[in-house]
Protein chains: 2
Amino acid sequence: MDLRHLRYFIAVAEEENIGRAAARLHISQPPLTRQIQQLEEELGVRLFTRTPKGMELTQAGELFLEEARNIRAVVEQATERTQRAGQGKLGRLDVAIFGSGILGTIPRLLLAFRNDYPEVKTVLHTMTKAEQIEALRQRRITVGFNRMLAPLPDLATELVATEPLLLAVNENHPLARERHVSFRMLAEHPMVLFPTGARPNFIDKVMRLCEEAGFVPKVSQEVGDAVTGVALVAGGFGICLVPESVTVLTLPGVVFRPLQDASSNAHIDLSCLYRADDQSPILSAFLETVRAFRSAHISGKAAGMRSETGWDAGI
Amino acid sequence: MDLRHLRYFIAVAEEENIGRAAARLHISQPPLTRQIQQLEEELGVRLFTRTPKGMELTQAGELFLEEARNIRAVVEQATERTQRAGQGKLGRLDVAIFGSGILGTIPRLLLAFRNDYPEVKTVLHTMTKAEQIEALRQRRITVGFNRMLAPLPDLATELVATEPLLLAVNENHPLARERHVSFRMLAEHPMVLFPTGARPNFIDKVMRLCEEAGFVPKVSQEVGDAVTGVALVAGGFGICLVPESVTVLTLPGVVFRPLQDASSNAHIDLSCLYRADDQSPILSAFLETVRAFRSAHISGKAAGMRSETGWDAGI
DNA sequence: TTGAAACGATACCTTGAAGGTATTGATGGC
DNA sequence: GCCATCAATACCTTCAAGGTATCGTTTCAA
């Protein structure tokens, strides 16, 4: 049995006349007659009673008509769903984020993606950079978010956003009195650094910036993530350099200060990481959204745009 | 798209290798390659990623695999159900019964039919004989039950059972004292007759029997059905001749007496009526059950058989 | 490094079944 | 009794599914 048989059967059942059904199907009458005979023979069931007026469904034919229509609908749905999946509009995207990645940019990006592709289920996994790389290679995730990356042969990156660094400082700290802090003012102040884990990471960036400003930072504490870092600032452990997006996190006693001489160096990239050989349309769609997000965000920041996600209001 | 494409796709998806899949399908590798390409092209979706190791499903392919398996199952079910319908094992049978037909034989027959064909839904309609004929001609019912029939050109009958006639009499009536009543003893006793409606009917049979016994019955009352007739006997309206199956109906004050000289004439047939041109397998199945029921009932009465329906115990 | 094996893709041929034309057979209306 | 209207049949054509041979890649082992 073939889908053609079903199409023909439905036409004959609806027209109750082989000639008319053949016309509707744009074929001539004899082949249609044969196809129906063939279908009946294959099923071993008489689907029509032939009358001089035309073709009349038997009870079994009546049932088969329902079934045939149902099969057609199921097939149609299947192709449509598969096509949507092939266009990256339907499916699942496994995304890895790092500890404090839930703050700021990433949720906004994911929300924008969900807006564009509502039928793609995004599943979040919290992973360190090393875990992300491993998971990408094992295909357990499709994209990972990261701040500092050494180029890897089999993985590619796409820049998501560039954020200036801010100083997180306790309100009782001398530097809290300054409206703008210059980089060299940080010397001698004990500093909380993060994250621990695989290099290169954010720590290396901070170290290099301090070095360029002509001093070596006094390390107060190394912690796993930005949230813990800011918490230690609240506790008076010292100062801490953080990406701007961390400012959505308000802890009592912590204030954020811009770095007066923040050059383009004093910025940190947020990128997403994916398999270079991954052809998945959902990944392509996601990367497309990332690019759109990036340009909208850059121009939008200047023009006050991109409020449709409902996030900008609170930031 | 064809069901063949689905079959091929499933094989390739399961084997993850076109060569092995082709072997499983008993075709050679190149046509299978082409069929898969064709399917992908038609859907406009890449279902597999070709690796040097074989064929690996994409996410869309993964989805389509589920869909394809589902379609196959749906098609399989559809053919199976249609085949059962074609064998009269699945469907619906519209049956007409007359007023007091719910008593005795008919329910037992219908139960036997349900036992044999549990997936055929029998729908009961209460109709007079004239209504049954009309409904048969309009195909609103498939079989009707009746007691007396004039032969009709387009309708055929099948004998269901032959029942002796009994006398229903009030316990205070003089005839109630007799253990066996002979036919001519009925003369002069007012008699309740049924049913009213289209001739020939049960009344004609009773009249002829009386005539043969040499008297004309004194009609006390004509009523619509046996139940009403027996009810009037309970109320003292007179005596009433009824088919044996009516004895399942026990009303206070009514006793039933066999007719001593009950010849083969003093029997009444119960037949079922159907369209002579009806080829429906459900009707054939039903008539087959009727025949089996009839012979089992005749021999079973003697041998005490046919208790599997659970009815015999109470009768 | 090279050769063999395994994989899918391509080229080209064969065949079977779907589709077309012409016609037949049967039934009902005028 | 003739014609119109069905479906069915006979016979031919064509197109696509299937077969054989071969190619281009990649991987693995000698």
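Here are some questions and answers about a predicted model with two protein chains and two DNA strands.

Visitor: How should I read the numbering and the values?
Guide: Residues are numbered from 1 along each chain as its sequence is written, chains are lettered from A and ligands numbered from 1 in the order in which they are written, and side-chain values use heavy atoms, with hydrogens and water left out. In this predicted model, local features need pLDDT of at least 70 and side-chain atom pairs count only at pLDDT 80 or more, while totals for chains, interfaces and linings use all residues.

Visitor: What relation do chain A and chain B have?
Guide: Superposing chain B on chain A takes a rotation of 180° with 0.0 Å of shift along its axis, and the RMSD is 0.2 Å. The fit is by least squares on the C-alpha atoms of residues with pLDDT of at least 70 in both copies. The relation is therefore that of a two-fold axis.

Visitor: Which residues of chain B lose the most area to chain A?
Guide: The contact (heavy atoms within 4.5 Å) takes 29 residues from chain B and 29 residues from chain A. About 2400 Å² is buried between them, 67% of it on carbon and sulfur atoms; buried area is the accessible area (1.4 Å probe) that two parts lose on being put together, summed over both. Together giving 21% of what the chain B side buries, the residues that lose the most are Gln59(B), Leu63(B) and Thr82(B).

Visitor: Why do the copies meet through the same surface?
Guide: The comparison is between the interface residues of chain B and those of chain A. The copies meet through the same surface because the share of chain B interface residues that are also interface residues in chain A is 100%.

Visitor: Which residues are closest to DNA strand C?
Guide: DNA strand C is surrounded by 24 residues, where near means that a heavy atom of the residue lies within 4 Å. Sugar and phosphate make up 64% of the strand's atoms that come within 4 Å of the protein. The closest residues are Tyr8(A), Ser28(A), Ile18(B), Gln29(B) and Arg50(B).

Visitor: Which side chain has an N or O atom 2.8 Å from a base nitrogen of DNA strand C?
Guide: Polar contacts here are pairs of N or O atoms within 3.5 Å. Two of them go to phosphate oxygens: a polar backbone atom of Ser28(A) at 2.7 Å, and a polar side-chain atom of Asn17(B) at 3.1 Å. The base nitrogen is instead paired with the side chain of Gln29(B).

Visitor: Which residue has a polar side-chain atom 3.0 Å from a base nitrogen of DNA strand D?
Guide: Gln35(B) has a side-chain N or O atom 3.3 Å from a sugar or linking oxygen of DNA strand D, and Gln38(B) has one 3.3 Å from a phosphate oxygen. The residue paired with the base nitrogen is Arg34(B).

Visitor: Is Pro243(B) buried or exposed?
Guide: Pro243(B) lies in strand S9 (residues 239–243) of chain B; strands are DSSP runs of E with at least two residues. Not counting residues up to four places away in sequence, Pro243(B) touches residues including Arg147(B), Phe194(B) and Ile268(B). Buried means under 20% relative accessible area, exposed over 50% and partly exposed in between (1.4 Å probe, protein chains only). Its relative accessibility is 1%, so Pro243(B) counts as buried.

Note on methods:
Polar contact = N/O pair within 3.5 Å; in protein donor to acceptor, adjacent residues only side chain to side chain. Helix = DSSP H or I, 4+ residues; strand = E, 2+ residues; numbered from the N terminus.
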